[in-house]
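Here are some worked exercises to try with the model open beside you. Have a go at each task before you read the solution.

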Amino acid sequence: MNIRVVLNFVGRGLVFIGIFMCLPVLASLYYKEDDLFALLTGVLVCTASGIVLVFLFHGAKGDLRHREGFLFVTLSWVAAGFMGAIPFRVSGYFTTYMDALFETISGFTTTGASILIDIEMLPHGLLLWRSLIQWLGGMGIIVLSIAVLPFLGVGGMQIFNAEAPGPAVDKLAPRMSATAKLLWGTYLGITMLEIALLWAGPMNLFDATCHAFTTMATGGFSPCNASIGGYGSAYIDTVITIFMLIAGANFALHYAAIRGDVGRYIKNAEFRWYIGIFIIGCVIIMWSTRHIFSSLGESIRYVTFQVASILTTTGFATYDYVKWPIAPQIILLLLMIVGGCAGSTGGGMKVMRIVLLIKYAHREILKLVHPNAVVTIKLGRNPVSADVLRAVVGFSIFYMLIFVAASVAMGLLGLDFETSLSSVVACMSNIGPGLAHVGPATNYAQVPYIGKAILTFCMLVGRLEIYTVLVVLSPAFWRA
Amino acid sequence: MNVLVIGAGDVGFMISRRLSEEGMNVFVVEKDEAKASKISQMLDVKVVLGSGASLKTLKEAGLEHTEMLIAVADLDEVNLVASFIAGAFANIPTKIVRIRGQEYNVAKKIFQKDYLDIDFIINPEQEAASTIDLLLEIPGSLDVIQVADGRVQLGGFKMGNGSPVVNRPLKDVTAEAVGVNFLIASILRHDKLLIPRGKDHILPGDRVYVVLDKDNNKDVLSFMGLREKPAHNVMIYGGSITGEMLARRLERKGINVKLIEPDEGRCIILSETLSRTTVLNSPTVDKEMLSSERISDMDAFITTSDDEEANILSALLAKRMGNPHVIALVNNMDYVSLVSDIGVDAVINPRIVAVSRILQFIRKGKIFSITSLSDIDAEVIEVEAMETSDLVDRPIKNINWPNGAIIAGIIRRGQGRVIFPSGSTVIDPGDRVVIFANKRVIPKIEKILSVKPDYF
């Protein structure tokens, strides 16, 4: 284990985050609000600690091998959380550091769970920072550093894989840095488009920017108390529904589409399943809530928005679905677990893993009926290797174990049944709002501190796809 | 530049690593899932799983935009089909193809412009044989790098205690070398490369690279306490393809060759195809056999069988029995530096040789790299001195030269004479200059070599 190199790189990452923190400083200067000191403190502490780490471990030599890669990614995210929380705490709008940390990790992991009761009292600088960290976390801070900084020209794909969602990363270009640039370029381009479309509707530029940042990251933070619902605009609902669905699909497909190969969407098996799950979810919920909405148009508008929001793990709300009957709520809970596609900014277990699990189970049935059958599991036309299947099954087991353990812990802290289960799912799948007391109209403020800490861990584990964090926590990792 | 490498075996892996480190966009096609996964984990290249003989796979690996094809898959036929497909569906300027099979030698026409249009054919066995041949010309050498069409050679030697040049400051040694062109280009000590200066010492056990004029190297060799007579009596163990090729090359040069081969049938074939070589059939190489064949009187003992453990052990045995120059063929990459440490004079790895030859070809004779033993990060650069560069019209000692690089030789324009540079030598425009440099100072050297537009 080459900890010196890891710490050196984590330092560089912190400097990078410090530079991004200058953006809300500009907003604060523009709006002349009281968060300037807090943001400057954040910039200073984050950049300075980064520089100190870089200088302390300046001469560190050696490669980032796969073990160091895991540690580097996990430490970077934890460090980014602690540093990003500074402006929130220093500003005084968050009364404890735990609250600020919860909010920041919820931001970086694109969860969107908030402890703020009145969001609109925050000054614009902090609101922008809150949205910006989601946007950075969406495509990934490490992937961004690979794209922009030359320092990560090391050791292949391990680091990339440790952060990127999905079982395996599709390399868009022969070089890792070029792949990262293409992904971030696509991400930036679509975000710009969404800002323009939202600004064209009944939304000012600041809100449009914040919402576009958090839509494309499938984050779900909103600078408004009533989230998207507050605008009451069918145009905005439609735009955001479409962009949530875009953000929940594989960005390699978007890149191909920009290059002119639109047919790739249809050819991609995971994308077909993703759209299928979305449509089936919409139909079932529309049927079971048919007596709530007065017209079919209204039903389509609210239900598609909510299903897209939950399936892509964004977590925006235009309707308080806690007031719906139990069936649609169960459907939503299931969709929370599914999540977006591999290679998207969405959370959850990912459509690809769910599909593979179903096919895996189906193969067992076939094997029982025909003991001599040779069945290859395929995704589209491509056979899936045994290694990938093994990783998917392992992932699911860990996902369930962590889910069970965390839910039990939340229950022990005195939360009710629905809240315990749904808060853990909503955090692990990086959605934000859950059911019952953590539903879209309420928030996480009343969860006890230990509960917040557990949920913060769940968010991180969920965003880094379980293995990256668990590997670092395993004793075997630290043995020689 | 986009490079398409077919086959992620040892050669494909090393070539991909080198080219990717140099900033090229490398696509690798590999059929074996384990190898594909290994290379995609370790290198920053794009790996496509599939056969190099499939158009679909090659297209997926960016065939249309490929500027150089390097087909080094295990099967000759895959390499041939890949270059055929590349010719039919894309316009690739450079094609390098590995071909092992002897059967294609008789049909060389298919490699030419009108058919497959292959620019460079690499045959690892043949390259290994020619490398061993070169080593035998310089007795005791463990590595020879040829520069300037072979006129300048860099000979690598392991220095023993007995040599008159060890354990003394180099400037004292140089002062003694009156009338002898003595120049040490570099010292390799514990896998670290030093470019020596006057106060440095050569220590026993160092590997030194000495600049040699091909036609006139006897003085330098005897000055360093090395033997100067090229090999005349040679014994080869192992009648593999490499062994057979080597024996044929040597007998053409009039060298007496004894070739030992355990398999009787193979011996009969060898005795038919080779003319002057004495073919010996012996199940093993043992002391008894070696001494009866007077191993200590042989100038060199080379092991080229397909069994590399036997190669290593019989080479060590021959060394123990007094043979002055033992050379072993070792296929396992990890053993290479190990084996040279335990007493075998020179180790030849056909794959490293192949990689080195491919790199030389890619660099179009400009830069040669040393890759024959462990991973030395050094390059031998051969350039023509440009009129307005910082290199010319001044004594060498006035050039702002980085540590870690040395001018190893100069070939005067028009004369073809090799000049051994000293501090006061002046390089003229048009001279060919041979530079030995540590890889990390190469950017600085490129700056010195470049033409300055504002020079006047």
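**Exercise 1. Overall build**

With 480 residues, what radius of gyration would a compact globule have, and what does chain A have?

Solution. This is a predicted model, in which local features need pLDDT of at least 70 and side-chain atom pairs count only at pLDDT 80 or more, while totals for chains, interfaces and linings use all residues. Residues are numbered from 1 along each chain as its sequence is written, and chains are lettered from A and ligands numbered from 1 in the order in which they are written.

- Step 1: the radius of gyration is taken over C-alpha atoms, and the globule rule is 2.2 Å times the number of residues to the power 0.38.
- Step 2: for 480 residues a compact globule would have a radius near 23 Å, and the 22 Å of chain A agrees with that.
- Step 3: the C-alpha trace of chain A spans about 65 × 55 × 55 Å along its principal axes.
- Step 4: now count elements, where helices (H or I, at least four residues) and strands (E, at least two) are DSSP runs numbered from the N terminus. Chain A has 22 helices and two strands.
- Step 5: chain B has 14 helices and 22 strands. Its radius of gyration is 23 Å, close to the 23 Å of the globule rule for 456 residues, so chain B is as compact as a globular protein of that length.
- Step 6: the principal axes of chain B give spans of about 70 × 60 × 40 Å for its C-alpha trace.

**Exercise 2. Three helix pairs in chain A**

Describe how H9 packs with H12, H18 with H20, and H11 with H15 in chain A.

Solution. Two packed helices are described by the angle between their axes and the distance between the axes. Axes are lines fitted to C-alpha atoms, for helices over the stretch in contact, and angles run from 0 to 180 degrees between N-to-C directions. Angles under 35 degrees count as roughly parallel, over 145 as roughly antiparallel, 65 to 115 as roughly perpendicular and the rest as oblique.

- Step 1: H9(A) (residues 176-200) and H12(A) (residues 251-258) make an angle of about 75 degrees, with axes 10 Å apart. They are therefore roughly perpendicular. Residues are in contact if their C-beta atoms, placed from the backbone, lie within 7 Å. From H9(A), residues including A:Leu182 and A:Ile190 meet residues of H12(A), among them A:Phe251 and A:Tyr255. By class, this contact has seven nonpolar, two polar and no charged residues. (Ala, Val, Leu, Ile, Met, Phe, Trp, Tyr, Cys and Pro count as nonpolar, Asp, Glu, Lys and Arg as charged, and the others, Gly among them, as polar.)
- Step 2: H18(A) (residues 386-412) and H20(A) (residues 449-463) pack at about 165 degrees, with axes 10 Å apart. These two are therefore roughly antiparallel. A:Ile402, A:Ala406, A:Ala409 and A:Met410 of H18(A) meet A:Gly451, A:Ile454, A:Cys458 and A:Val461 of H20(A). That contact divides into seven nonpolar, one polar and no charged residues.
- Step 3: H11(A) (residues 234-247) and H15(A) (residues 296-311) pack at about 30 degrees, with axes 9 Å apart. They are therefore roughly parallel. Residues of H11(A) including A:Asp237 meet residues of H15(A), one of them A:Arg301. Here the division is five nonpolar, three polar and two charged.

**Exercise 3. A parallel sheet in chain B**

Which strands stand at the edges of the six-stranded sheet?

Solution.

- Step 1: the open sheet of six strands in chain B has the order E3-E2-E1-E4-E5-E6, with parallel pairing. Strands pair if DSSP finds at least two bridges between them.
- Step 2: E3 (46-49) and E6 (120-122) of chain B are at the edges with a single partner strand each, so one side of each is left without a neighbour in the sheet.
- Step 3: from one strand to the next, the twist averages 15 degrees.
- Step 4: E1(B) (residues 2-6) pairs with E2(B) over five bridges, and B:Val3 stands opposite B:Val26 in E2(B).

**Exercise 4. Where the chains touch**

Which element of chain B gives the most residues to the side that touches chain A?

Solution.

- Step 1: 11 residues of chain B are in contact with nine residues of chain A.
- Step 2: strand E2 (25-30) and helix H2 (33-42) of chain B are the elements giving two or more residues to this side.
- Step 3: H2(B) gives the most, with four residues.
- Step 4: this side of chain B has five nonpolar, three polar and three charged residues.

Notes
Contact = placed C-beta atoms within 7 Å.
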